[in-house]
Amino acid sequence: MSFSLVGISGSLRAAAFSTAVLRAASEVAPADAALTLWPDLAVVPPFNEDHEADPAPAVTAMVEVIAAADGLVIATPEYNAGIPGQLKNALDWASRPYGESVLTGKPVAVIGVSPSDYGADWSQQALRKVLSAAGADVLETKVCVPRADSLVDDAGRMADAATAGRLRDLVVDLRGLLQRRAEVAS
């Protein structure tokens with residue numbers, strides 16, 4: 001059995017450490033847990049309940065990507081002790097309608113990424129809270145990547161084997177959750 005995972009970077013910056021960490025996770029993921037990065041966070045318009053019944057094409061596309069995935073891996077930087085506004089905005093869209101959204105019951109792994117010594121621990125906590133409130137099944141495994149600026153090389157690749165190993169372990173744990181669910185369903 002194989003699983004499709006979608007990686008969402010909470011940073012819009014072209015050379016974002018969060019994106020580099022997700023790329024590294026995709027490179028070390030087991031063959032039966034393919035992790036594909038979703039690059040379109042920047043085009044999701046601001047959440048507006050007036051447009052909920054007829055969302056913009058970018059919102060529809062995002063919801064379809066999330067719905068098709070067996071699980072998500074979200075890497076978030078920390079902006080002012082929280083998650084970036086654009087990531088929160090996208091999750092607000094994906095959380096609708098409450099209780100029936102594509103996030104309801106969706107297995108999600110969370111990674112905090114920061115050049116600080118704390119590895120975006122606060123934003124990871126905030127992201128876990130948002131995802132839990134939306135009904136996602138948030139993986140308990142916690143990965144913080146501190147000092148990310150020193151772990152990513154000039155080509156935007158993870159240059160630290162220990163961090164790559166922690167990322168692989170995270171994806172393996174998410175795959176395990178998906179396997180257990182599949183066994184219960186069969």
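**Overall fold and the surroundings of strand β1**

From the N terminus on, the elements of the protein follow the order β-α-β-α-β-α-β-α-β-β-α-α. The model is predicted. Its secondary structure amounts to six helices and six strands.

The overall dimensions were examined next. The C-alpha atoms occupy a box of roughly 45 × 40 × 25 Å along the principal axes. The radius of gyration is 16 Å. A compact globule of 186 residues would have a value near 16 Å, so the protein agrees with that expectation. Of the 186 residues, 47% count as buried. The exposed surface of the protein comes to about 8900 Å². Carbon and sulfur atoms supply 53% of that area. Contacts were also sorted by sequence separation. Among those between residues at least 6 apart in sequence, 77% join residues at least 24 apart.

Strand β1 spans residues 3-9. Six of its seven residues are buried, each with under 20% relative accessible area. The strand is therefore largely enclosed by the rest of the structure. The chain leaves β1, passes through helix α1 (residues 17-28) and reaches strand β2. This β-α-β crossover is right-handed.

Strand β1 pairs with β2 and with strand β3. Strand β2 covers residues 33-38 and runs parallel to β1. Six bridges join β1 to β2. Within this pairing, V6 stands opposite T36 in β2. Strand β3 covers residues 71-76. Its pairing with β1 is also parallel, over five bridges. Here S9 stands opposite A75 in β3. Strand β1 thus has β2 as a parallel partner through six bridges, and β3 as a parallel partner through five bridges.

Helix α6 comprises residues 161-185 and includes A185. The relative accessible area of A185 is 68%. This value lies over the 50% cut-off, so A185 is exposed. Along the chain, A185 and G99 are 86 residues apart. In space, their C-alpha atoms are separated by 20 Å. The contrast with β1 is one of exposure: A185 is exposed, whereas six of the seven β1 residues are buried.

Notes
Residues numbered from 1 in each chain as written. Predicted model: local features only at pLDDT ≥ 70, side-chain atom pairs only at ≥ 80, totals over all residues. Heavy atoms only, no water. Buried < 20%, exposed > 50% of the residue type's maximum accessible area, 1.4 Å probe, protein only. Helix = DSSP H or I, 4+ residues; strand = E, 2+ residues; numbered from the N terminus. Pairing = 2+ DSSP bridges. Right-handed = clockwise from strand over helix to strand, strands pointing away. Rg over C-alpha atoms; globule rule 2.2 N^0.38 Å. Contact = heavy atoms within 4.5 Å. Areas by Shrake-Rupley, 256 points an atom, 1.4 Å probe, with all protein chains shown as cover.
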